[in-house]
Amino acid sequence: MDQEKKQSQCNIHPGFNNNLLLFEENNIHSKICSVCAKKLTKKINKVIEHTEFLQADQNYIFSSFPPLEDEDIYDIIQNLQIKKDSSLQEIFIEKINNYFITLKKEINKKIDLLQNQVKSKLIKIEDFNQNQGNSFLDIYNEISSKFDIQKLYKEYSQDSDQRIKEIIQEKYQNIKSNTEKLQKYLSEYQVIINKINLKTPIEIQQKILDILDQIDFFEKPFTIEEIEFEKSKSYKSSQSLQIQRLQNKQIQINQTRDGSSVSYANFILDPNKKYIFRARLQTNSHSDSFLLVGIVQEQDKDSKQLYDGICYNERGNNMTIKKIVKGNNLFEGYKTNIDKEIEMRIHLAQKIIKVANYPNYENVAELENKELILQNAQYRLAVELYYSVHKIIITHLSTVDQFDQQM
Ligand SMILES: [Zn+2]
């Protein structure tokens, strides 16, 4: 059976085959001629030829079928289809190469622009316009009188000898002023030379190189094994802290003698990342459960107490993460032998800091005043404790794409 016979002719339009499918919502015709189709719809993309359907193989993507809410999807799938022969690795390599080519181009463009700007600025500064070498020589030639002496030698006569002696004697008489004259000129020259200060530009160069090091295309899983905790450099008794890595990779922090102490993580929190941080709090024989977990501003990390900032305190006072979101108060107050694990979730960009008991998440509290998280400040995880029998053990640290619904 050939194609012609397979298709019926239109009753209304003799000579026209019913070779189309119209699939507009509430206007579906499985066999329709082109004249009818044009009358029934203005949406040409809702019409497909039967032959297109019949020939569609395994890899064929229709440009508007099945109906989807987002029309771009057909194109996207089609493009992926074209690329399907290249491996994912090839696609990544291409993307990354393009990124670096553009980065280089943009950086070069920017540097060329800056260089030209500085050049034209330089031309406008009078001081830099003189030819320093010639001025030096002018002064030197003048005070050395070398041409006068030269002339006297050339026209050697009876009094030349006498005259040369006089000139040199004169040089000795003027030794102080001549020295000063050259020194004055040299120091003026130094002042001008020092107007070009490379210190800041070199610092900026280093910063740029450091930032480039941060380019990373793959989110690395972030684990407790990769971090360290450090002692606050000058806050009260912090230097007598003991920080040790346990066999299970967890980090135990305790005081060797009673005294206020702060310890903070060795990295600055990325405001755009979502962190999950867990710590075990142990009061042991001392009931004053002054055990704090929170975040400290970079500028305060070596000088301030944590309970002035954003923190959870097992004692229940001096804390800002206390607005109950679920259950009851998380803290147990003054009590010996507290041994509990808490989880803290941090997403600075969205001003989220929550804390819950782990692993049950029965009680959840969040930061009462979210404005305490400053947009342009840098923060680190930190803990504070006082008594030598108390312990804070950092048990877990990770970043996630999305926080789950537990709290
Ligand atoms: Zn028709």
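**Exercise 1. Pairing around β6**

Task: How many bridges join β5 to β6, and in which sense do they run?

Solution. Five bridges join β5 to β6, and the two strands run antiparallel. The model is predicted. Take one residue pair next. Gln244 has Gln252 as its bridge partner in β6. Now look at the connection. The hairpin of β5 and β6 has five residues between the strands. Lys249 takes a positive phi near 80° in this hairpin.

Continue to the other pairing of β6. Three bridges join β6 to strand β16 (residues 391-400), again with an antiparallel run. Gln252 has Ile393 as its bridge partner in β16. Gln252 thus appears in both pairings: with Gln244 and with Ile393.

**Exercise 2. Burial of two elements**

Task: Is strand β6 mostly covered or mostly open? How many residues of α8 are buried?

Solution. Start with the strand. β6 covers residues 251-255, and four of its five residues are buried. The strand is mostly covered. Turn to the helix. Of the 14 residues in α8, zero are buried, so the helix lies largely in the open.

**Exercise 3. Length check on α8**

Task: What span should helix α8 have at 1.5 Å a residue, and how far apart are its end C-alpha atoms?

Solution. Helix α8 runs over residues 160-173 and has 14 residues. The expected span is 1.5 Å times one less than the number of residues. For α8 that gives 20 Å. The end C-alpha atoms of α8 are 20 Å apart, in agreement with the expectation.

**Exercise 4. The three-stranded sheet**

Task: In what order do the three strands of the open sheet lie?

Solution. The order is β2-β1-β3, with antiparallel pairing. The edge strands are β2 (27-32) and β3 (47-49), and each pairs on one side only. From one strand to the next, the twist averages 15°.

Now take one pairing in detail. β1 (residues 20-24) and β3 are joined in the antiparallel sense over three bridges. Leu21 has Ile48 as its bridge partner in β3.

**Exercise 5. Nonpolar cores**

Task: Which residues have the most contacts inside the largest nonpolar core?

Solution. The largest nonpolar core holds 49 residues. Ala279, Cys311, Ile321 and Ile342 have the most contacts inside it. Follow Ala279. Leaving out residues up to four places away in sequence, Ala279 touches Val293, Ile342, Val383, Ile392, Ile393, Ile394 and Thr395. Another core lies apart from the largest one. This other core has five residues, among them Leu20, Cys33, Ala37 and Val47.

**Exercise 6. Backbone features**

Task: Where do the cis bonds before Pro66 and Pro359 lie?

Solution. Begin with Phe65 and Pro66. A cis peptide bond joins them, with omega about -5°. Pro66 sits in the loop between α3 (50-55) and α4 (72-83). Next comes the bond from Tyr358 to Pro359, which is cis with omega near 5°. Pro359 sits in the loop between β13 (352-358) and β14 (364-367).

Task: What is the phi of Lys236 and of Lys351?

Solution. Lys236 has phi near 35°, positive although the residue is not glycine. It lies in the loop between β4 (229-231) and β5 (241-245). Lys236 has 15 C-beta neighbours inside 10 Å, so it counts as partly exposed.

Lys351 has phi near 55°, also a positive value in a residue other than glycine. Its place is the loop between β12 (339-347) and β13. Lys351 has 17 C-beta neighbours inside 10 Å and therefore counts as partly exposed.

**Exercise 7. Domains and distances**

Task: Which domains does the assignment give? What distance separates the centres of domain 2 and domain 4?

Solution. The domain assignment lists domain 1 (3-83), domain 2 (88-126), domain 3 (127-194) and domain 4 (224-400). The centres of domain 2 and domain 4, taken over C-alpha atoms, are separated by 43 Å.

Task: How far apart in space are Gly333 and Tyr172?

Solution. Place Gly333 first: it lies in the loop between β11 (321-326) and β12. Gly333 has 13 other C-beta atoms within 10 Å, so it is partly exposed. Outside its neighbours within four places in sequence, Gly333 is in contact with Ser289, Arg315 and Gly316. From Gly333 to Tyr172, the C-alpha to C-alpha distance is 89 Å, at a sequence separation of 161 residues.

Conventions
Residues are numbered from 1 along each chain as its sequence is written. This is a predicted model: local features need pLDDT of at least 70, side-chain atom pairs count only at pLDDT 80 or more; totals for chains, interfaces and linings use all residues. Two strands pair if DSSP finds at least two bridges between them. Axes are lines fitted to C-alpha atoms, for helices over the stretch in contact, and angles run from 0 to 180 degrees between N-to-C directions. A residue is buried if 20 or more other C-beta atoms lie within 10 Å of its own, exposed if 12 or fewer, and partly exposed in between; C-beta atoms are placed from the backbone. A nonpolar core is a set of buried Ala, Val, Leu, Ile, Met, Phe, Trp, Tyr and Cys residues joined through C-beta atoms within 7 Å. Two residues are in contact if their C-beta atoms, placed from the backbone, lie within 7 Å. Domain bounds come from an automatic or database domain assignment.
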